[in-house]
Amino acid sequence: MPDRPFNLSGLLSNALAQPMAPGLYVVATPIGNLADLSIRAASILARADHVYCEDTRMTRRLMQAIGVDRPLRSYHDHSDEARRHEIEALISNGQTVALVSDAGTPLISDPGYKLVRDVRAQGAPVLAIPGPSSVTAALASSGLPTHTVLFAGFLPQKSAARIDRLAELAEVRASLVFFESPKRLRAMLGDAARVLGDRQAAVCRELTKKFETVVSAPLSEISAVLAEGIKGEIVVVIGPPEPVAPGIIADADIVARLQPLLETKSVSAASKEVAVALGVPKARVYALAVDAKSGGALGDTDDRSS
């Protein structure tokens, strides 16, 4: 037990008493657990003149849960320029506008950057109210390196396009973070294993919710240990590539990187991509690509690293 009583009500009362300057307030909301809503975020939602959100039904449930009733209007991927001008006009006239997404931090794979850009361009303040984010929650739970991270959002739905995008990311020396749907998860993990190699990965599901799970394993094994019929919101974290000393990359490793690319790219294009990613001469990769494309086998003495 704490030495002194909690004073959350005092903190909230103090936040509610603070004046709000006209501007755009980008407010992070819970990704599952309503208790994750910050005191500051609650005070902003309670005082804002207008609240713009992806789905008014989702945000209304949150507002009802905290006992707040404010005007709600939609702002989503299909909102046009007129809606942005409407918000800019409100702020120019001394109003306060809160922007929220359905869950988590707005603008993280959600609409909003054009609005922020335009509000800043007119000289009005934009204030971020930090809070829940499935990206940072997944990284914190994954057990994978976090000193350098790349958030890549959703990968393409089609396998060929997904493989191309993964190949572009293969050379990035960082942990990669993706959003994925349950129905495409296993296919995505399979493509990632083929293109990125057998890196460590974590599948984070329903973060902060009742059935939160985090499954960690190498990419070659992770699908086998996932529950059947997996559902819910999913974040995938894939660790960075292992550092490789120059000149010791085996032909078999190069061919493994080439094979998925050769299904959708020319020999030349695939060779260039792999050569850049692995830091090996393109001529060597090209020769292996020609062999692989023609179905040739690599023998123990057929290594071109020399």
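# Group meeting talk: loops, helices and two spaces

Let's start with one residue. Thr-208 is partly exposed, because its relative accessible area is 24% and the buried class stops under 20%. This is a predicted model, so keep that in mind throughout.

Where is Thr-208? Find the loop between β8 and β9. Its backbone deserves a look. Thr-208 is not a glycine, yet its phi is positive, near 70°.

Glu-206 sits in that loop too, between β8 (200-205) and β9 (213-218). Again we have a residue that is not a glycine with a positive phi, here about 50°. Is Glu-206 buried or exposed? Glu-206 has 15% relative accessibility, so it counts as buried. The cut-off for buried is under 20%.

There is a positive phi after a helix as well. Gly-123 follows α5, and its phi is near 85°.

Stay with α5, which covers residues 113-121. Which residues of α5 are buried? They are Leu-115, Val-116, Asp-118 and Val-119. Look at the spacing. An α-helix has 3.6 residues a turn, so residues three or four places apart point the same way. Now the partners. The buried residues of α5 pack against two strands of the early chain numbering, β1 and β4. They also pack against β5 and against helix α4 (81-92).

Next, helix α2, residues 39-47. Its buried residues are Ala-41, Ala-42, Ser-43, Ile-44, Leu-45 and Arg-47. What do they pack against? Two helices are on the list, α1 (8-17) and α3 (56-65). The strands are β1 (23-27), β2 (50-53), β4 (96-100) and β5 (126-129). So β1, β4 and β5 take contacts from the buried residues of α2 and from those of α5.

Now a helix pair. Two packed helices are described by the angle between their axes and the distance between the axes. Take α10, residues 251-262, and α12, residues 282-293. The angle is about 65°, and the axes are 9 Å apart. The crossing of α10 past α12 is right-handed. Which residues make the contact? On α10, they are Asp-251, Ile-254, Val-255, Leu-258 and Leu-262. On α12, they are Arg-284, Val-285, Leu-288, Ala-289, Ala-292 and Lys-293. By class, that contact has 8 nonpolar and 3 charged residues, with no polar ones.

Helix α10 comes back in the next topic, which is enclosed space. Rolling a probe the size of a water molecule over the atoms shows where empty space is left. How many cavities of 30 Å³ or more are there? The count is 1. The largest cavity has a volume of about 50 Å³. Its lining is Ala-167, Ala-170, Val-195, Arg-257, Leu-261, Glu-273, Val-274 and Ala-277. Helices α10 and α11 (267-278) each supply at least two of these residues. α11 gives the most, with 3. In class terms, the lining has 6 nonpolar, 2 charged and no polar residues.

Two residues share contacts with that lining. Leu-196 is in helix α8, residues 185-196. Its relative accessibility is 6%, so it counts as buried. Leu-196 touches Leu-166, Ala-170, Leu-176 and Ile-238, leaving aside residues up to four places away in sequence. Ala-170 is one of the cavity lining residues.

Glu-171 lies in the loop between α7 (159-169) and β7. It is partly exposed, because its relative accessible area is 36%. Beyond four places in sequence, Glu-171 touches Val-276 and Ala-277. Ala-277 is also in the cavity lining.

Both residues can be paired with Pro-240. Glu-171 is 69 residues from Pro-240 in sequence, with 9.0 Å between the C-alpha atoms. Leu-196 is 44 residues from Pro-240, with 9.2 Å between the C-alpha atoms.

Last, the open space. The largest pocket holds about 810 Å³. It is lined by 34 residues. Which lie nearest its centre? Ile-31, Asp-102, Ala-103, Gly-104 and Glu-233. Three elements each supply at least two lining residues: α3, β7 (175-180) and β10 (234-238). The largest share is from α3, with 5 residues. By class, the lining has 15 nonpolar, 11 polar and 8 charged residues.

That's the tour. Thank you.

Note on methods
Residues are numbered from 1 along each chain as its sequence is written. This is a predicted model: local features need pLDDT of at least 70, side-chain atom pairs count only at pLDDT 80 or more; totals for chains, interfaces and linings use all residues. Side-chain values use heavy atoms; hydrogens and water are left out. Axes are lines fitted to C-alpha atoms, for helices over the stretch in contact, and angles run from 0 to 180 degrees between N-to-C directions. Helices (H or I, at least four residues) and strands (E, at least two) are DSSP runs, numbered from the N terminus. A crossing is left-handed if the near helix is turned anticlockwise from the far one by less than a right angle, and right-handed if clockwise. Contact means heavy atoms within 4.5 Å. Ala, Val, Leu, Ile, Met, Phe, Trp, Tyr, Cys and Pro count as nonpolar, Asp, Glu, Lys and Arg as charged, and the others, Gly among them, as polar. Buried means under 20% relative accessible area, exposed over 50%, partly exposed in between (1.4 Å probe, protein chains only). On a 1 Å grid over the protein atoms alone, a cavity is a set of points where a 1.4 Å probe fits but cannot get out, and a pocket is an open set with protein on both sides within 12 Å along at least five of seven lines; lining residues have an atom within 4 Å of a point. Grid points are joined across faces, edges and corners, and a volume is the space filled by probe spheres set on the points.
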